[in-house]
Structure formats: structure tokens, C-alpha cells
Amino acid sequence: MAGLIGAHINSVCSSYNLLRASCLRSNASIRTETLFWNPPSAMIPSKTHLVVAASLQQPSKNISAVHYRKSEPAEDVLKIWRSANAVCFDVDSTVCLDEGIDELADFCGAGKVVAEWTARAMSGSVLFEEALAARLSLFNPSLSQVQDFLEKRPPKISPGIVELIKKLMLRNIDVYLVSGGFRQMINPAALQLGIPLENIFANQLLFGSSGEFIGFDAKEPTSRSGGKATAVQKIRKVY
């Protein structure tokens with residue numbers, strides 16, 4: 001999600017649902033272990049044309065859930081959420097509890113080795129498109145396997161996300177999903193949350209006439225490094 005904030009947008013990368021966030025703006029890196037990142041007042045735009053980008057990381061092992069449950073977001077952060085025209089959520093380990101590709105790989109019998117590649121991709125030590133191709137090549141999921149996976153392992157929505165998205169929609173705030181995951185696995189979550197499928201920026205698995213795996217759509221912006229920033233730029237043009 002770092003790329004989202006590097007897209008020269010007025011944005012907040014918040015740790016939603018009481019988890020830690022890594023918040024970056026421009027070329028400066030800011031980390032916080034609190035519920036929300038409290039931006040300086042200069043970052044709060046005078047106009048309401050605002051896109052908020054939200055992502056979260058895994059919770060810190062040395063900070064208890066009890067500590068977070070007692071935390072409250074800063075009022076200026078809440079104002080940003082309430083005045084936004086649109087909110088862009090990451091999906092894996094944010095809207096949903098799991099990393100989609102790791103779960104699919106585990107279902108297909110290659111969970112451990114693919115999870116190792118996922119960790120490398122998230123650390124930035126390898127280009128995202130290279131890591132994506134490498135992970136998929138380790139288990140080559142067929143269309144029937146993906147369909148079976150979706151039937152047996154439906155999306156695990158993170159606690160509180162349903163309520164948050166309902167509140168955003170009641171305020172006529174548009175909600176987008178921007179993910180390096182796959183539409184085949186994100187669409188069911190979006191439908192469950194009432195998010196229009198056209199508001200999804202994600203990758204697409206490609207299959208042959210017999211359902212065999214043949215790759216992924218490299219034309220999707222999120223299929224490569226920096227793609228999430230590109231997606232958010234496209235969303236900003238709408239507003």
C-alpha cells in the first residue's frame with residue numbers, strides 16, 4: 001500500500017480495526033503503533049475533494065488487543081474519513097483476514113513455499129510482477145480448483161469492516177477495493193459488502209479453453225510494482 005500514498009494524493013493510510021499501520025506521505029516515512037495516524041493540520045485539505053487510502057499490517061506481537069480496544073481515533077482523522085469523496089481499501093489482510101494467494105496456494109498444496117514468496121514481495125525485495133508470476137508458477141491453479149476453493153473457503157471478512165463500509169455508503173462516500181490479489185477471489189467479498197464490481201482494481205487469473213491456468217492479465221495496473229498508486233490516480237480523476 002505504500003505506493004498508494006506515493007501517488008501525490010491527500011490521503012491517510014490508517015490502521016483500521018485496531019491494527020498497526022505503516023503510514024507514508026510524499027517521501028517521508030511515518031510509522032505508528034496507535035489506532036489511527038494523526039496527520040498534522042496542514043495535511044487536512046480545505047476542500048472536501050479527498051480520497052482516503054486504507055491498509056493495515058499484522059498487529060504488533062507486543063501490543064495487546066485490550067490496549068487497542070481502549071484507543072480512540074483522533075477527531076481530525078475522523079473528519080478526513082467523514083469528508084472524503086471516496087475511500088480505497090486494500091483487500092488482503094485488510095478487508096479480508098487472509099492473503100488470498102497464500103490461501104489458494106495452501107488449498108492447492110503449495111502454501112508454505114508461496115507464503116515465503118509473498119513475504120518477499122511485501123518486503124519490496126523483488127518486483128511485484130516477478131513475485132506474482134513466480135508464486136503462481138509454483139502451483140498453476142486450474143479454473144476448477146479456483147471454483148472449488150471459493151466454494152469451500154468463502155471470504156473471511158475482517159471484524160468491523162461491514163459496519164464501516166455501511167456507514168461510508170450512508171454518507172454517499174464511494175468505496176473502492178484496490179488489490180494485488182485476484183478478481184475471482186475479491187468479487188465474492190465485494191458482493192457481500194455491497195461494493196460495485198466496477199469499483200474493483202485487481203488482477204485477473206487467465207485460463208485456457210479446458211480450464212487450465214495460462215497466466216494473469218498483465219494489463220491490469222495492480223499486476224506490477226506501483227500499480228496501486230496508478231489505480232488511485234485513476235480514481236482521483238473521477239472526483
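Visitor: What percentage of the 239 residues of the protein count as buried?
Guide: The model is predicted. Its secondary structure comprises eleven helices and eight strands. Of the 239 residues, the share that counts as buried is 47%.

Visitor: What share of the exposed area do carbon and sulfur atoms supply?
Guide: The protein exposes about 12,100 Å². Of this area, the part supplied by carbon and sulfur atoms is 52%.

Visitor: Which percentage of the contacts with a separation of 6 or more is accounted for by residues 24 or more positions apart?
Guide: One example of residues distant along the chain is the pair Ala 133 and Ser 223, which lie 90 residues apart. Across the protein, among contacts with a separation of 6 or more, residues 24 or more positions apart account for 67%.

Visitor: Is Asn 203 buried or exposed?
Guide: Asn 203 belongs to strand β6, residues 200-203. Its contacts, leaving aside neighbours within four places in sequence, include Phe 128, Leu 132, Phe 182 and Arg 183. The cut-off for a buried residue is under 20% relative accessible area. Because the relative accessibility of Asn 203 is 0%, this residue counts as buried.

Visitor: With which side chain does the side chain of Asn 203 make a polar contact?
Guide: Glu 220, Thr 222 and Ser 223 are among the residues in contact with Asn 203. A polar contact at 3.3 Å joins the side chain of Asn 203 to that of Thr 222.

Visitor: Which residues of strand β4 are buried, and on which sides do they lie?
Guide: In a regular strand, side chains alternate between the two faces of the sheet. In β4, residues 86-89, both faces are covered. The buried residues are Ala 86 and Cys 88 on one side, and on the other Val 87 and Phe 89.

Visitor: Which residue of β5 stands opposite Ala 86?
Guide: Strand β4 pairs with strand β5, residues 174-182, in the parallel sense over four bridges. Within β5, the residue opposite Ala 86 is Asp 174.

Visitor: Which residue in the hairpin of β7 and β8 takes a positive phi?
Guide: Strands β7 (residues 205-207) and β8 (residues 213-216) pair in the antiparallel sense over three bridges. In this pairing, Leu 205 stands opposite Phe 216. Five residues lie between the strands, and the residue with a positive phi near 85° is Gly 211.

Visitor: How far apart are the end C-alpha atoms of helix α11, and what span should its twelve residues have?
Guide: Helix α11 covers residues 227-238, and its buried residues are Gly 227, Ala 229, Ala 231, Val 232 and Ile 235. At 1.5 Å a residue, the expected span is 16 Å. This agrees with the end C-alpha separation, which is 18 Å.

Visitor: What separates the C-alpha atoms of Gln 147 and Met 185?
Guide: Gln 147 lies in helix α8, residues 143-152, and is partly exposed at a relative accessible area of 49%. Met 185 is 38 residues away along the chain, and the C-alpha separation of the two is 9.4 Å.

Visitor: What is the C-alpha separation of Ala 133 and Ser 223?
Guide: Ala 133 is found in helix α7, residues 128-137, and is partly exposed with a relative accessible area of 34%. Although Ser 223 is 90 residues apart from Ala 133 along the chain, their C-alpha atoms are separated by 9.4 Å.

Visitor: How many disulfides does a search of the whole structure find?
Guide: A disulfide is a covalent bond between the sulfur atoms of two cysteines. Cys 96 is buried at 10% relative accessibility, whereas Cys 108 is partly exposed at 21%. The number of disulfides found in the whole structure is zero.

Note on methods:
Residues are numbered from 1 along each chain as its sequence is written. This is a predicted model: local features need pLDDT of at least 70, side-chain atom pairs count only at pLDDT 80 or more; totals for chains, interfaces and linings use all residues. Side-chain values use heavy atoms; hydrogens and water are left out. Helices (H or I, at least four residues) and strands (E, at least two) are DSSP runs, numbered from the N terminus. Buried means under 20% relative accessible area, exposed over 50%, partly exposed in between (1.4 Å probe, protein chains only). Contact means heavy atoms within 4.5 Å. Accessible areas come from the Shrake-Rupley method with a 1.4 Å probe; for residues, only the protein chains shown count as cover. Two strands pair if DSSP finds at least two bridges between them. A disulfide is a pair of cysteine sulfur atoms within 2.5 Å. A polar contact is a pair of N or O atoms within 3.5 Å; within protein, one must be able to donate a hydrogen and the other to accept it, and residues adjacent in sequence count only if both atoms are side-chain atoms. The expected span of a helix is 1.5 Å times one less than its number of residues.
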